[in-house]
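Let's take a walk through this one together, from the overall layout down to a handful of individual residues. Keep the viewer open as you read.

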Amino acid sequence: MTEPDIKKGLAGVVVDTTAISKVNPETNSLLYRGYPVQELAATQPFEAVAYLLWHGELPDAAQLAALRATEREHRALSENVRAAIDLVPLEAHPMDEVRTAVSLIGASDPHAGGSVLDAGGSPEQNLERAIRLFAALPAIVAYGQRRRRGEQPIEPRDDLDYSANFLWMTFGEDPDPVVVDAFNRSMILYAEHSFNASTFTARVITSTLSDLYSAVVGAIGALKGPLHGGANEAVLHIFDEIGEASNVVPWLDEALAEKRKIMGFGHRVYKSGDSRVPTMKAALDTLVAHYDKPEVAELYDALESEFVARKGIYPNLDYPSGPAYNLIGFDTLTFTPLFVAARVTGWTAHVIEQAGANALIRPLSFYDGPDERHVES
Ligand code: CMC
């Protein structure tokens with residue numbers, strides 16, 4: 001049998017329809033339910049974008065207030081979840097902590113038990129589960145960072161919206177509105193991106209009629225890798241290695257001679273620039289001005305212009321978001337968990353969409369191992 005035309009990494013393969021987001025590499029545009037992402041980032045709170053991804057429309061004032069009330073109800077971590085996080089060794093990567101916490105929240109859902117035949121849940125149950133995870137993830141991420149720093153956990157505050165409360169629980173200070181705005185924008189930009197590796201993982205798991213929590217746990221595993229979500233953390237490791245803008249050229253000479261991938265650059269879909277970068281770069285610029293750290297922007301610009309000039313490969317969202325999170329004060333290891341907190345909205349919207357028009361995802365492979373043979377007796 002001749003080898004079929006295999007699309008390694010499913011590159012260029014359209015596997016299903018979706019009404020959640022549209023990526024157009026020709027125009028460098030990304031639409032969530034029809035709205036340009038940069039417009040949403042400039043005008044909406046993250047809760048409204050979560051609602052949009054789940055329901056297909058932006059909420060009116062009453063719908064937004066209702067979502068915010070439910071989100072506030074589920075913010076605090078149970079003792080059991082805290083205890084589960086505490087069991088994760090401090091040396092483990094925080095993504096393992098987040099994965100473990102989500103897994104325990106799933107196992108503790110009173111409606112998720114019983115027969116595997118009921119595992120998938122109804123659309124209403126899945127929406128409730130999605131909101132529960134959306135609400136709990138900031139506390140999980142904040143708890144993890146504080147635990148690693150040897151700091152006491154901070155309880156959520158009912159008078160703060162999602163983004164401000166996230167920063168409050170992490171740092172224990174009233175967040176500056178400039179910082180809240182930049183952080184809110186980053187959450188919106190990270191929320192959804194069609195059939196990326198982690199979202200596809202969530203859809204594969206959902207397609208077996210497994211439950212939403214299992215889909216999110218699997219997606220977290222996929223996101224951890226440096227070719228996907230782990231890149232925002234990896235960008236900071238690169239910045240630390242380079243140190244300052246004047247070191248970019250010799251550093252890049254060496255890195256390219258060693259055939260290293262430069263983290264935060266390149267994209268499977270966008271080949272002439274990631275549509276989310278200008279908005280996140282503008283948010284980074286406001287943070288650079290706010291914290292008076294021009295050297296961060298100098299290093300950012302120097303590496304970008306040198307790498308683009310040499311390779312013609314453009315930055316992706318992780319390139320500006322890594323230094324932005326660093327300026328806000330997040331530990332480098334916390335960056336990919338922040339991506340989880342944002343992307344859980346997109347993942348769960350896809351779980352609901354997949355479950356609503358399901359077909360088991362089960363592709364074929366071309367066997368190129370040994371011909372049939374037999375055990376010698
Ligand atoms: N640094 C150096 N070379 C690169 C890079 C990079 N960041 N990205 C692509 N290339 C080169 C690659 O070496 C290859 O060269 P050649 O044809 O000579 O072998 C060519 O460009 C094509 O690269 P590829 O890896 O085959 O392309 P892909 O579409 O499979 O990869 C990617 C996309 C994101 C995996 C890749 O660009 C990469 O590894 N980037 C660094 C990691 C990163 O920033 N990931 C975040 C992705 S965006 C956010 C997200 O989705 O999570």
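**A stroll through the fold**

Start with N28, which sits in the loop that links strand 1 (21-24) to strand 2. Bear in mind that what you're looking at is a predicted model. The phi of N28 is near 55°, a positive value in a residue other than glycine. That's worth a second look, since most residues other than glycine have a negative phi. How buried or exposed is N28? With 17 C-beta neighbours inside 10 Å, N28 falls in the partly exposed class, because that class covers the counts between 12 or fewer (exposed) and 20 or more (buried).

N28 has a counterpart further along the chain. L209 also carries a positive phi, about 70°, and is not a glycine either. You'll find L209 in the loop between helix 9 (197-207) and helix 10 (212-223). L209 has 15 C-beta neighbours inside 10 Å, so it counts as partly exposed.

Now zoom out. The domain assignment splits the chain into domain 1, made of 21-218 plus 337-356, and domain 2, which covers 231-328. Taken over C-alpha atoms, the centres of domain 1 and domain 2 are 26 Å apart. Where the two meet, 18 residues of domain 1 are in contact with 19 residues of domain 2. Which elements supply the domain 1 side of that meeting place, with at least two residues each? They are strand 2 (29-32), helix 1 (37-43), helix 8 (177-190) and helix 16 (335-356). Helix 8 gives the largest share of that side, eight residues. By class, the side of domain 1 that touches domain 2 divides into 13 nonpolar residues, four polar ones and one charged.

For a close-up that involves helix 8, hop over to L287, which is part of helix 13 (residues 277-291). Leaving aside neighbours within four places in sequence, L287 is in contact with V179, A182, A324, L327 and I328. L287 is buried, because it has 23 C-beta neighbours inside 10 Å. If you want a distance to check in your viewer, try L287 to A297: the two are 10 residues apart along the chain, and their C-alpha atoms are separated by 9.9 Å.

Next, the ligand. There are 18 residues around it, and A231, F265, G266, R268 and N316 come nearest. What's the chemical mix of this shell? By class, the residues around the ligand are seven nonpolar, eight polar and three charged.

Two of those nearest residues turn up again when you look at I313. I313 lies in the loop between helix 14 (294-311) and helix 15 (318-328). Not counting neighbours within four places in sequence, I313 is in contact with F265, G266, F307 and V308. I313 has 15 other C-beta atoms within 10 Å and is therefore partly exposed. I313 also takes you back to where we began: its C-alpha atom is 14 Å from that of N28, although their positions lie 285 residues apart along the chain.

Back in the other direction, look at how helix 2 (residues 46-55) packs with helix 3 (residues 61-73). Their axes come within 10 Å and cross at roughly 105°. That makes helix 2 roughly perpendicular to helix 3. E47, A48 and Y51 of helix 2 make the contact with Q63, L64, L67, R68 and E71 of helix 3. By class, this contact has four nonpolar residues, one polar and three charged.

Y162 touches both of these helices. Y162 belongs to helix 7 (residues 162-171), and its contacts, not counting residues up to four places away in sequence, are P45, F46, E47 and E71. Y162 is buried, since it has 24 other C-beta atoms within 10 Å.

Finish just past helix 3, at L77, in the loop between helix 3 and helix 4 (79-87). Is this loop residue buried or exposed? L77 is buried, with 23 other C-beta atoms within 10 Å. Setting aside residues up to four places away in sequence, L77 touches R82, A136, A139, I140 and Y143. N126, by contrast, is 49 residues from L77 in sequence and 20 Å from it in space, C-alpha to C-alpha.

Definitions and conventions
Residues are numbered from 1 along each chain as its sequence is written. This is a predicted model: local features need pLDDT of at least 70, side-chain atom pairs count only at pLDDT 80 or more; totals for chains, interfaces and linings use all residues. Domain bounds come from an automatic or database domain assignment. Two residues are in contact if their C-beta atoms, placed from the backbone, lie within 7 Å. Helices (H or I, at least four residues) and strands (E, at least two) are DSSP runs, numbered from the N terminus. Ala, Val, Leu, Ile, Met, Phe, Trp, Tyr, Cys and Pro count as nonpolar, Asp, Glu, Lys and Arg as charged, and the others, Gly among them, as polar. A residue is near a molecule or strand if its C-beta atom, placed from the backbone, lies within 6 Å of it. Axes are lines fitted to C-alpha atoms, for helices over the stretch in contact, and angles run from 0 to 180 degrees between N-to-C directions. Angles under 35 degrees count as roughly parallel, over 145 as roughly antiparallel, 65 to 115 as roughly perpendicular and the rest as oblique.
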